[in-house]
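Here is a short briefing on one protein chain. Please keep the sequence and the 3D view at hand while reading.

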Amino acid sequence: MGTLTGKLEKAKNLISNYEKDLKDFKKTNPEITNKNIMIIRIREGELCIYGEDFYYNPMLYKDLGFSMPKELEAVKGQTTISKEQLSKINSDIILVQFMASENKGFPNALKDLKNDTLWKNIPAVAKDNVFYNVVDGGYQGGTYLSKEVMLKALNQKVFK
């Protein structure tokens, strides 16, 4: 994008800053390599999970070095999952994203999830290691800005 906009130097600086921020985060939180993390997005009332190369997962698993739950290894792209299937995934930390605009027919989907008995018994949820809307749902995870916003949120909301 820097080349296309004639702002290559600015783009290089942003990338350099992001790489420094990643390094600082990993130094401050060395335990992350031993933590399974997953992100769930609620869309049209359904729980959606993502493969290793989609949404924020490249950042979480490759850039930061979190462990990916083995149950996600076979997931390609975006996949819907039931609460029963989700309860079988071993994740230490769960990030849940919900946007009203993606759930017009299901405005209470997040509230319903939080009140669901099966959800409450998932180990990460029971241990209060689930974080809701740590970033605005409009961020898609692949851009510099999305990554910087997520990294800041992880620092301030998850690993405070």
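What span should the 15 residues of helix H8 have at 1.5 Å a residue, and how far apart are its end C-alpha atoms? The expected span is 21 Å, and the end C-alpha atoms of H8 are 20 Å apart, which agrees. The model is predicted. The points below cover H8, its pairing with H2, a leucine in a loop, and two residues with positive phi.

**Helix H8**
- H8 runs over residues 144-158.
- Its buried residues are Ser 146, Lys 147, Glu 148, Met 150, Leu 151, Ala 153, Leu 154 and Val 158.
- These buried residues pack against two helices, H2 (8-28) and H3 (57-63).
- They also pack against strands S1 (37-43), S4 (93-98) and S5 (130-132).

**H2 against H8**
- The axes of H2 and H8 are 11 Å apart, and the packing angle is about 25°.
- Angles under 35 degrees count as roughly parallel, so H2 and H8 are roughly parallel to each other.
- Their crossing is left-handed.
- On the H2 side, the contact involves Leu 14, Asn 17, Tyr 18, Asp 21, Leu 22 and Phe 25.
- On the H8 side, the residues met are Tyr 144, Lys 147, Glu 148, Leu 151, Leu 154 and Asn 155.
- By class, this contact of H2 with H8 has 7 nonpolar, 2 polar and 3 charged residues.

**Leu 64**
- Leu 64 sits in the loop between H3 and strand S3 (78-81).
- Is Leu 64 buried or exposed? Its relative accessibility is 1%, so Leu 64 counts as buried; the cut-off for buried is under 20%.
- Leaving aside residues up to four places away in sequence, Leu 64 touches Leu 22, Phe 25, Lys 26, Ile 32, Met 59, Leu 151 and Leu 154.
- Among these partners, Leu 22 and Phe 25 also belong to the H2 side of the contact with H8, and Leu 151 and Leu 154 to the H8 side.
- Leu 64 and Ile 94 are 30 residues apart in sequence; C-alpha to C-alpha, they are 15 Å apart in space.

**Positive phi outside glycine**
- Asp 128 is not a glycine, yet its phi is positive, at about 60°.
- Asp 128 lies in the loop between helix H7 (123-126) and S5.
- With a relative accessible area of 60%, Asp 128 is exposed.
- Asn 133, also a residue other than glycine, has a positive phi near 50°.
- Asn 133 is in the loop between S5 and H8.
- Its relative accessible area is 28%, so Asn 133 is partly exposed.

Definitions and conventions: Residues numbered from 1 in each chain as written. Predicted model: local features only at pLDDT ≥ 70, side-chain atom pairs only at ≥ 80, totals over all residues. Heavy atoms only, no water. Helix = DSSP H or I, 4+ residues; strand = E, 2+ residues; numbered from the N terminus. Expected span 1.5 Å × (residues − 1). Buried < 20%, exposed > 50% of the residue type's maximum accessible area, 1.4 Å probe, protein only. Contact = heavy atoms within 4.5 Å. Axes fitted to C-alpha atoms, helices over the stretch in contact; angles between N-to-C directions. Parallel < 35°, antiparallel > 145°, perpendicular 65-115°, else oblique. Left-handed = near helix turned anticlockwise from the far one by under 90°. Nonpolar A, V, L, I, M, F, W, Y, C, P; charged D, E, K, R; others polar.
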